[in-house]
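Subject: Structure for your bench work, with notes

Dear colleague,

Here is the structure that I promised to pass on to you. Please open it beside these notes and read the two together.

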Amino acid sequence: MLGRRNPQRSFFDAQSVPNRVPPDSFYGRMGAVSDVLFSDEDLAMMYSPDNGRPSLPPSLLSGVLLLQFYDSVSDDEAVQRLLFDLRWKVALNLPLDYAGFDPSSLTYFRKRLVENGQERYAFSRLIAVGREAGFIPDRVTLLTDTTNVKGAGAVQDTYTLLRKGTRKLLKAAGFALPGKRRGLSPQTRDLVERYVDQDSKADIDWADPQQRLAQLQMLVADAEATLELAMEQSDDDEVRYLGWLLTKILGDDLETDEQGQSKIGQGTAPDRIISLTEPEMRHGRKSKAHRFDGFKAVVSTEQSSELILDIADVTASGSDGAHLMPTIERAEAEAKVTVERVIGDGAYGSGKNRAACAERDEFVDLISPLAKPSDPEVHKSAFQIDLEAQTATCPQGHTVTGKPGPKQDGRPTWLFTFPRATCEACPLFERCVRSKNTGRTVHTGPYEAYLQEARARQQTKEFDTDYRLRPAVERKIGELVMHGLRNTRYVGESKRQFQRLWLGAAVNLKRLFTLAQAQKVDLHVILSHLGPPNAGLMTT
């Protein structure tokens, strides 16, 4: 049953007695709107209307969660601060003798929010405040970027992945039960007992290559035998999923040598599984030198207000640019705005993204730099390519007619090949031509027209002026990192996304306080008249 906060004030309320919490601090300002910041009625659908004991007020728990992510503390520490931290008592308008509650209440409340599609509750409510206050215009410029975040799972090597994967699959198939082992051959029963009953790391000299190789052969053979055994349970979803994981580990991490023995493969598969604790974790990189294990967080802010309109948990592998269009769609749906311009770094400036932005029903102006060539005199950008006339002119003024290339993404491409004799007479020949048989060859991609336009625009002062706005999103990411963005608390996509959203809500609330003070807006009035925010909006 829904529990509600008692509006009756007492002489013990932290705000009713002299205190040293500055009224212009985050905690003091939160306390000034605590009675309307969250509403119990907004979350009434999560509780039985007429059965059970009254719950802890969801408005109070929502405020505790917001402070928990703002201060980056655990559930236990959050409850301790409720008891002893005057700042939290002021922010939540609690009495000085507040008795607190068990930390597990926060766990159950988070679970209830996710199960009822309310994980966006705080984030959406504060975006609605920004819209109602006029801080967020109808047509917005979006600044977007990603940052790496650690996963909550342990990073495991191939030996551990195979051992743990075999164990998980056997247990999911029911072989932890003695009755399930009846009728198994002695060899198979020994396999089950070795992984289900013992599950210990092999006692070998891991510095010895021969012992490591022998251990790998045994793990591979056991994994393959387990996969064959588990096929009998193929109707079970968990068994099928774990079987797929084990098969992927075998395929990504191993290769067979000339003698038919398994060995660790060279290189790293692009989508390699690195943890069975959190199977969605991946290797990632933000640059050639900066590698990490975990996930990425996409952060998009509105340029004029610097409020976060979208924050999402995405896979660590792959290009940042692949997340551009979903980011635009989420921001528009969340804030009920039209994105008219996006500013991002070079990862977002692919021809495909430029075409997608230009060909939307609502045109999006994408401002993103193209990489500068190492040798601009002979780079493709130095050639004058006329797609309508289907001709290309080299930097020395020689022109050739193109031939159609294979279509890509349903769009035409062109191939321009210059005569070998013409190229050999050119002073740029050694730098320009790679082929030993033909002259310079220039390929155009399916989005060449968009890239040509982007290169020309990049040379203008207007581009430099607009692109200088982008660092604001990096500052916002730095602020999120200061409040704990780098450390993922939970395992599972929905829980990870929950953390990102509530952290984003906490940072947005701090920004709303600043905007309200600068523009003399009464947030208390806006919050008190605000209806329930959007519920259950998809995040990916």
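Below are notes on confidence, two helices, two charged residues and some backbone angles.

This is a predicted model, in which local features need a pLDDT of at least 70 and side-chain atom pairs count only at pLDDT 80 or more, while totals for chains, interfaces and linings use all residues. Residues are numbered from 1 along each chain as its sequence is written, and side-chain values use heavy atoms, with hydrogens and water left out.

Confidence

The mean pLDDT (the predictor's confidence in each residue, from 0 to 100) is 93 for the protein, and 97% of its residues reach 70 or more. Please treat one stretch with care: over residues 535-540 pLDDT stays under 50, and there the model has 16 contacts (heavy atoms within 4.5 Å) beyond four places in sequence.

Two helices

Helices (DSSP runs of H or I, at least four residues) and strands (runs of E, at least two) are numbered from the N terminus. Helix α11, residues 237-253, has 17 residues and reaches 24 Å from its first C-alpha to its last, close to the 24 Å expected at 1.5 Å a residue; the expected span is 1.5 Å times one less than the number of residues. At the N-terminal end of α11, Asp-236 acts as a cap, with a side-chain oxygen 3.0 Å from the backbone nitrogen of Glu-238. Among the buried residues of α11 (buried means under 20% relative accessible area, exposed over 50% and partly exposed in between, with a 1.4 Å probe and protein chains only) are Val-239, Leu-242, Leu-246, Lys-248 and Asp-253. The elements that cover these buried residues include the helices α8 (158-172) and α10 (209-230) and the strands β2 (254-256), β3 (262-264) and β4 (282-285).

Helix α9, residues 186-198, has 13 residues that should span 18 Å, and its end C-alpha atoms are 17 Å apart, which agrees. Leu-191, Val-192, Tyr-195 and Val-196 are buried in α9, and the buried residues of this helix pack against α8 and α10. Just after α9, Asp-199 takes a positive phi of about 50 degrees.

Two buried charged residues

Lys-89, in helix α5 (residues 86-92), is buried yet has no salt bridge, the nearest side chain of opposite charge being Asp-97 at 6.9 Å. A salt bridge here is a side-chain nitrogen of Lys or Arg within 4 Å of a carboxyl oxygen of Asp or Glu. A polar atom of the Lys-89 side chain lies 3.4 Å from the backbone oxygen of Leu-96. Beyond four places in sequence, Lys-89 touches residues including Ala-14, Phe-84, Pro-95 and Tyr-98.

Arg-354, in helix α13 (residues 351-358), is likewise buried without a salt bridge, and Asp-365, the nearest side chain of opposite charge, is 7.2 Å away. The side chain of Arg-354 reaches the backbone oxygen of Gly-349 at 2.9 Å. Leu-366, Ser-368, Tyr-450 and Ala-454 are among the residues that Arg-354 touches beyond four places in sequence.

Backbone angles in two loops

Most residues other than glycine have a negative phi. Asn-93, however, has a phi near 55 degrees; this residue is found in the loop between α5 and α6 (104-115) and counts as buried at 16% relative accessibility. Lys-520 also has a positive phi, of about 55 degrees, and is placed in the loop between α19 (493-519) and α20 (523-528), but Lys-520 is exposed, with a relative accessible area of 75%.

With best wishes

Conventions. A polar contact is a pair of N or O atoms within 3.5 Å; within protein, one must be able to donate a hydrogen and the other to accept it, and residues adjacent in sequence count only if both atoms are side-chain atoms. Lys and Arg count as positive and Asp and Glu as negative; His and the chain ends are not counted.
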